[in-house]
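This report is written for a reader who has the sequence and the coordinates at hand. Please keep both open while reading.

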Amino acid sequence: MIVVGVDGSRAGLEAVGWAAREAALRDLPLRVVHAIYRWACETGQGRYSDIAKWMRQGAETVLAAGVDRALREQPKLTVESKILPGDPREALIGEGTEAELLVVGNHGLSAVRGLLVGSVAYGVAGHAPCHVVVVRGTPAVSSGEIVVGVDNSARAAHVLEFAFAEAALRQADLRAVHVWSRYDTGGGIQPVPGGFDEDEKHEVRQLKETLAGWCERYPDVNVVDEIVRGHPVDVLRDAARGADLLVVGSRGRGELTGMVLGSVSHALLHHAPGPLAVIRTQA
């Protein structure tokens with residue numbers, strides 16, 4: 001099952017559209033969910049019963065719009081809806097225990113002006129027990145390319161497994177980008193020139209070895225690998241411009257124990273130009 005959270009915002013409906021297409025690709029049902037205060041779900045009579053009823057009716061309206069959007073995207077899709085009691089972050093995280101994928105919009109109705117990602121999207125990406133996709137608009141025309149950030153760490157297997165499977169489902173090309181940041185180049189994409197030193201050659205060999213097994217497992221996926229100098233956030237943001245999806249791990253190489261999200265995935269929640277898949281790599 002794929003679960004998508006809606007809140008009546010445009011970003012939420014964009015997330016529903018993305019989730020519906022993904023569910024159709026995976027031949028999975030879609031659950032559209034919306035969270036309201038727990039007391040509003042549980043109050044049937046008494047002083048605040050009219051307010052609770054009004055909130056439940058509002059939730060049903062939001063869910064109906066989400067279901068309608070999903071069925072307009074994929075008319076044959078199995079879609080259900082559900083009101084969740086409690087804080088939307090905690091409620092969505094709870095739904096993630098039943099989901100293969102949890103999808104949210106980058107902004108909600110309560111997003112603080114100036115922030116590029118809302119607190120719900122950040123909280124879910126950091127704590128959900130499943131993979132999370134945060135949708136910030138989608139390309140008008142599919143580019144047929146998925147970009148994945150590869151850091152050659154032990155956690156890369158989780159990220160590559162998702163990225164290769166997704167590329168195979170979509171019959172898309174896969175661009176595997178490894179950032180070489182030994183030298184400060186001021187950010188942006190700058191392919192590493194010839195004349196690698198030994199450390200750089202080691203990075204190239206490692207990337208080739210990391211990808212080799214996955215290329216054998218998914219022989220129909222066209223893979224382009226790149227070693228790029230710069231800051232990981234700048235490089236991956238620029239690489240993902242126009243791509244259908246950017247895939248990163250929730251934690252990267254060298255991240256401090258106890259961090260909810262790695263620094264790169266955290267920053268890309270704010271700066272990724274399109275849909276961002278944050279792949280759970282914690283134990």
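The paragraphs below treat the overall make-up and confidence, then a helix pair, aromatic rings and two loop residues.

The model is a predicted one, with a mean pLDDT of 85 for the protein and 83% of its residues at 70 or more. Two stretches call for caution: pLDDT stays under 50 over residues 109-116, for which the model has 9 contacts beyond four places in sequence, and it also stays under 50 over residues 254-259, where there are 6 such contacts.

The protein contains 9 helices and 11 strands, and 47% of its 283 residues count as buried. Where contacts join residues at least 6 apart in sequence, 78% of them link residues that are at least 24 apart.

One helix pair can be described in some detail. Helix H4, residues 88-95, packs against helix H5, residues 119-127, at an angle of about 35 degrees and with the axes 9 Å apart, and the crossing of H4 past H5 is right-handed. On the H4 side the contact is made by Pro 88, Arg 89, Leu 92 and Ile 93, while H5 contributes Ser 119, Val 120, Gly 123, Val 124 and His 127. Sorted by class, the residues of this contact are 5 nonpolar, 3 polar and 1 charged.

Turning to aromatic rings, a search of the whole structure finds 3 pairs. One of them joins Tyr 37 and Trp 39, whose rings are stacked, with 6.4 Å from centre to centre and 15 degrees between the planes. Tyr 37 counts as exposed because its relative accessibility of 54% is over the 50% cut-off, whereas Trp 39, at 36%, is partly exposed. Elsewhere, ring pairs link Phe 164, Trp 214 and Tyr 218 into a cluster.

Two loop residues deserve a look at their backbone. Most residues other than glycine have a negative phi, yet Asp 27 has a positive phi near 55 degrees, and Gln 171, which is not a glycine either, has a positive phi of about 55 degrees. The table sets out their places and accessibilities.

| Residue | Loop between | Phi | Relative accessibility |
|---|---|---|---|
| Asp 27 | helix H1 (10-26) and strand S2 (30-36) | near 55 degrees | 70%, exposed |
| Gln 171 | helix H6 (156-170) and strand S7 (173-180) | about 55 degrees | 77%, exposed |

Asp 27 thus follows H1 and precedes S2 in a loop, and Gln 171 lies in the loop between H6 and S7.

Key
Residues are numbered from 1 along each chain as its sequence is written. This is a predicted model: local features need pLDDT of at least 70, side-chain atom pairs count only at pLDDT 80 or more; totals for chains, interfaces and linings use all residues. Side-chain values use heavy atoms; hydrogens and water are left out. Rings of Phe, Tyr and Trp (its six-membered ring) pair if their centres lie within 6.5 Å; planes under 30 degrees apart count as stacked, over 60 as edge-to-face and the rest as tilted. Buried means under 20% relative accessible area, exposed over 50%, partly exposed in between (1.4 Å probe, protein chains only). Axes are lines fitted to C-alpha atoms, for helices over the stretch in contact, and angles run from 0 to 180 degrees between N-to-C directions. Helices (H or I, at least four residues) and strands (E, at least two) are DSSP runs, numbered from the N terminus. A crossing is left-handed if the near helix is turned anticlockwise from the far one by less than a right angle, and right-handed if clockwise. Contact means heavy atoms within 4.5 Å. Ala, Val, Leu, Ile, Met, Phe, Trp, Tyr, Cys and Pro count as nonpolar, Asp, Glu, Lys and Arg as charged, and the others, Gly among them, as polar. pLDDT is the predictor's confidence in each residue, from 0 to 100.
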